[in-house]
Amino acid sequence: MSQDKTLSTAQMVAQLRDGMTLGIGGWGPRRKPMALIREILRSDLKDLTVVAYGGADVGMLCAAGKIRKLVFAFVSLDFIALEPYFRKARQQGELQVMEIDEGMLLLGLRAAAMRVPFLPTAAGLGTDVLRHNPEIKLIASPYADARDWVAMPALKLDAALIHVDRADSRGLCQIGGPDHYMDDLLVRAAARTYVTCDELLERDTLHSDPGQARQVFWEPNLTSAVAHVPGGAHPSSCAPLYGFDVAHFNTYNASAQRADGWQEYRLEYVDCSHQDYLDKVGGLKAIRQLPLPIF
């Protein structure tokens, strides 16, 4: 019989440790595992290395002082070009960083997923990426081209944090939106993967329609645990179920302009149960009515 992998978000976070390297799925304000991020914010975890195409996940962890090092290509809310709390942490020199090209980040995850130490690429050649990241080396080609290539190192993860549309108790996950981003690479680069889902289905339900197989991007044995958290990506989107919450992000962004803004935001939206959070943002029905982004 298949193993039941269902846990609460609190039980998931209890398995994480200080100093871990965490990969966070999603992209900017899209399909971020925000319920898990809020659980981490309520925990004592610290000194984390975070690898992400970042959004408010990274910003909130920066605001709470949870991140020691950040590996990133961008940290943005899209319509708010630079995530406000990330901006503060970066400007105040609070983070160690590896800032790289989007494609280099992808290749670092792919190398870790492939269990190789690096992948060669032309991305980064002739740019300040190499000057600011001396740990990224060049490698001479062994072939006739006789060129030097960037050797993008593998970005190995202790754990990946992912939000999906649907999952079952054994860890089979589906992403129904138009883009699964790099979530499959994060999963394959990680020693463990913790997934939250909007819908938790009965076992074998996801097999009832063979056409849905294209929405599965990794094997269930790679999922360590699953938590049923409806609306768990809010205020980011989870297409096709809901879009990102522009009004909430505006409130969040405005909080960064006030001296006690983070403490106020945290008291209202972080230091509470997920059900209380849903009530404060208008309820699950209101979240499901948020329009999907068109870009």
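1. Let's start with contacts along the chain. In this predicted model, 74% of the contacts with a separation of 6 or more join residues 24 or more positions apart.

2. On overall fold, the protein has 11 helices and 11 strands. Its radius of gyration is 19 Å, close to the 19 Å that the globule rule gives for 295 residues, so the protein is as compact as a globular protein of that length. If you want a feel for its dimensions, the C-alpha trace spans about 60 × 55 × 40 Å along the principal axes.

3. Now to the interior. Of the 295 residues, 53% are buried. In soluble globular proteins, nonpolar side chains tend to be buried together. Here the largest nonpolar core holds 55 residues, and I40, V50, V58, L70 and Y252 have the most contacts inside it. Helix 2 (residues 34-41) supplies the largest share of this core, with 6 residues.

4. V58 is a handy residue to click on. Setting aside neighbours within four places in sequence, V58 touches V50, A52, I67, L70, V75 and F86. A second core, separate from the one around V58, has 41 residues, including M98, M152, I175 and L186.

5. Which residues line the largest cavity? They are R30, R31, G177, P178, D179, Y181, S237, C238 and A239. By class, that lining breaks down into 4 nonpolar, 2 polar and 3 charged residues. The cavity encloses about 50 Å³ of space, and the count of cavities of 30 Å³ or more comes to 1.

Key:
Residues are numbered from 1 along each chain as its sequence is written. This is a predicted model: local features need pLDDT of at least 70, side-chain atom pairs count only at pLDDT 80 or more; totals for chains, interfaces and linings use all residues. Side-chain values use heavy atoms; hydrogens and water are left out. A nonpolar core is a set of buried Ala, Val, Leu, Ile, Met, Phe, Trp, Tyr and Cys residues joined through side-chain atoms within 4.5 Å. Buried means under 20% relative accessible area, exposed over 50%, partly exposed in between (1.4 Å probe, protein chains only). Helices (H or I, at least four residues) and strands (E, at least two) are DSSP runs, numbered from the N terminus. Contact means heavy atoms within 4.5 Å. On a 1 Å grid over the protein atoms alone, a cavity is a set of points where a 1.4 Å probe fits but cannot get out, and a pocket is an open set with protein on both sides within 12 Å along at least five of seven lines; lining residues have an atom within 4 Å of a point. Grid points are joined across faces, edges and corners, and a volume is the space filled by probe spheres set on the points. Ala, Val, Leu, Ile, Met, Phe, Trp, Tyr, Cys and Pro count as nonpolar, Asp, Glu, Lys and Arg as charged, and the others, Gly among them, as polar. The radius of gyration is taken over C-alpha atoms; the globule rule is 2.2 Å times the number of residues to the power 0.38.
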